[in-house]
Amino acid sequence: MSKAKKKKEKQLKHLNTRKILDELAFGLTVPTAEPAKQYFYMNLCKQYLARKKQEAGKEFTFCIRTFGCQMNAKDSEKLKGILLEIGYTQIDSEDADFVLYNTCTVRENANLKVYGHLGYLQNLKQKNPDKLIALCGCMMQEEHVVKKIKESYRFVDIVFGTHNIYLLSELLWKRFYSGKMVVDIWDKAQQIVEDLPSCRDYSFKSGVNIMYGCNNFCSYCIVPYVRGRERSRKPEDIIAEVKKLADEGVVEVMLLGQNVNSYGKTLEQPISFAELLKMVEEVDGIKRIRFMTPHPKDLSEELIQVMKYSKKICRQMHLPLQSGSTAILKDMNRRYTKEQYLALVERIKQEIPDVSLSTDIIVGYPGETEEDFQDTIDVVRKVQYDSAFTFIYSKRTGTPAAAQENQVPDDVVKERFSRLLQEISLASAACLKKHLGKTMEVLVEEMSSEDGIVTGRLSNNTLVHFAGDRTLIGKTVNVKLEEDKGFYYIGTQIN
Ligand code: 5AD
Ligand code: SF4
């Protein structure tokens, strides 16, 4: 078929689609308030999809790929909830009729991965005329990314950002109606929209957003630019969500925020993070509380004390170090010194002796000398982290650090990185030895890849494998930790 004929046929098909959409929306008024407006669009999309499904005599499928952190994972649960409500069926393959990438941009390679995948999606789209491709999340908040997509990836159907993920059904409707790429990026959040559908990845545990955005502006980090300023949710909304989750059978919640220590400070009625934790502790049915991420610069004594006396807050603290060098920390705008960090760790260990600590470390920040790096190694040796996420510094356009000229050569960074990994694995192995032989409580999470074996987590987050079946998932059981496998235990159920 000639190109012109193909175009004509596409136009005719689109006119027909528009006719159906007009019929569905005829006489209806779009609500102005949220979330009513979104439920309105969800319902319209649902009716349209039902017709398409009937016509084609098949299910319409979706697939969401999530890059990056727990925040994105939580957002993807909401996106999934909306797509299920509209009537799409979830599959785990890019062959789906609706493919959505929830992107991350913390490091450059996360961006490269997305561009790589897009080429592949274009091929699949040529074989499936119903296929829609949507991109959302942090990477889409960067102007140069959206420009590149508009210019070089014209086959993408919907582009939206971090502040308007709840608009998915409205944007989908707009895409159906216009037949063209829909781009909707907001440079800041307008409101926190609650009470939309959400589909949890696990039945027994869930993340709960307590705040959005970040005000810290660490000099290497793009998050404050793509996630905007700090906004705390009201404690009553958080507690209502936790209660609802508990009613649905959730026993573990992870309170999520870029810097949970500054939770509540800007609310009309200010409240501290420690006070919020005490309120969550009161919710019946919740057995374990985790949180992520506390910034070391403002971790309060009040929080340490609440953790110490809590029966539910897990014996685990993720305390990002980033660098052990005071000079680098200053340049990173982290607002603590090596000594202050070590003193804080001492204080936490003194009050909560069975706590396990994990961290984030960046290697190769501009200007990092061997001496600076030795300070990082020194902190790792002194703190003895159970686990650490290690990152090679990645230059992020628009951040202050990216403009610095003293970038560390790749080979030097790689060599330091492997020395750091070695040091961390020594510390992790030593931590694992501490509890070997003890009987501890495990929350069972899933079947292991091995037959008849389940995996679960200790309060301190270490994984444990032991013989069991599917009925144990979501339950807490006592397990004797018998063998140490480097980063997990093998044990036997006792009760
Ligand atoms: N390069 C490397 N790592 C980074 N992180 C944030 N920004 C960068 C960057 N530009 C790491 C930090 C942070 C974690 C989520 O990602 O360690 O704590
Ligand atoms: Fe980025 Fe620093 Fe905010 Fe964490 S605290 S999100 S590292 S700016």
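Ligand 1 sits among V106, R107, Y220, Q322, D360, I362, F391, I392, Y393, S394 and R396. The model is a predicted one. By class, this shell holds six nonpolar, two polar and three charged residues.

Polar side-chain atoms of three shell residues pair with oxygen atoms of ligand 1, as the table shows.

| Residue | Partner | Distance |
|---|---|---|
| R107 | oxygen atom of ligand 1 | 2.9 Å |
| Q322 | oxygen atom of ligand 1 | 2.6 Å |
| D360 | oxygen atom of ligand 1 | 2.6 Å |

Taken alone, ligand 1 exposes 400 Å². The protein buries 85% of that area. Two elements, β13 (356-363) and β14 (387-392), each give two or more residues to the shell around ligand 1.

Next, ligand 2. Its surroundings are C214, N216, F217, C218, Y220, C221, V223, P224, Q258, H295 and R334. Seven of these residues are nonpolar, three are polar and one is charged. Y220 is listed around ligand 2 and also around ligand 1.

Now the internal space. Searching the whole structure turns up one cavity of 30 Å³ or more. The largest cavity contains about 50 Å³ of space. Its lining consists of M254, I289, R290, F291, M292, I313, C314, Q316 and H318. β11 (288-292) and β12 (316-318) are the elements that supply two or more residues to this lining. β11 gives the most, with four residues. The lining divides into six nonpolar residues, two polar and one charged.

Methods:
Residues are numbered from 1 along each chain as its sequence is written. Chains are lettered from A and ligands numbered from 1 in the order in which they are written. This is a predicted model: local features need pLDDT of at least 70, side-chain atom pairs count only at pLDDT 80 or more; totals for chains, interfaces and linings use all residues. Side-chain values use heavy atoms; hydrogens and water are left out. A residue is near a molecule or strand if one of its heavy atoms lies within 4 Å of it. Ala, Val, Leu, Ile, Met, Phe, Trp, Tyr, Cys and Pro count as nonpolar, Asp, Glu, Lys and Arg as charged, and the others, Gly among them, as polar. On a 1 Å grid over the protein atoms alone, a cavity is a set of points where a 1.4 Å probe fits but cannot get out, and a pocket is an open set with protein on both sides within 12 Å along at least five of seven lines; lining residues have an atom within 4 Å of a point. Grid points are joined across faces, edges and corners, and a volume is the space filled by probe spheres set on the points. A polar contact is a pair of N or O atoms within 3.5 Å; within protein, one must be able to donate a hydrogen and the other to accept it, and residues adjacent in sequence count only if both atoms are side-chain atoms. Accessible areas come from the Shrake-Rupley method with a 1.4 Å probe; for residues, only the protein chains shown count as cover.
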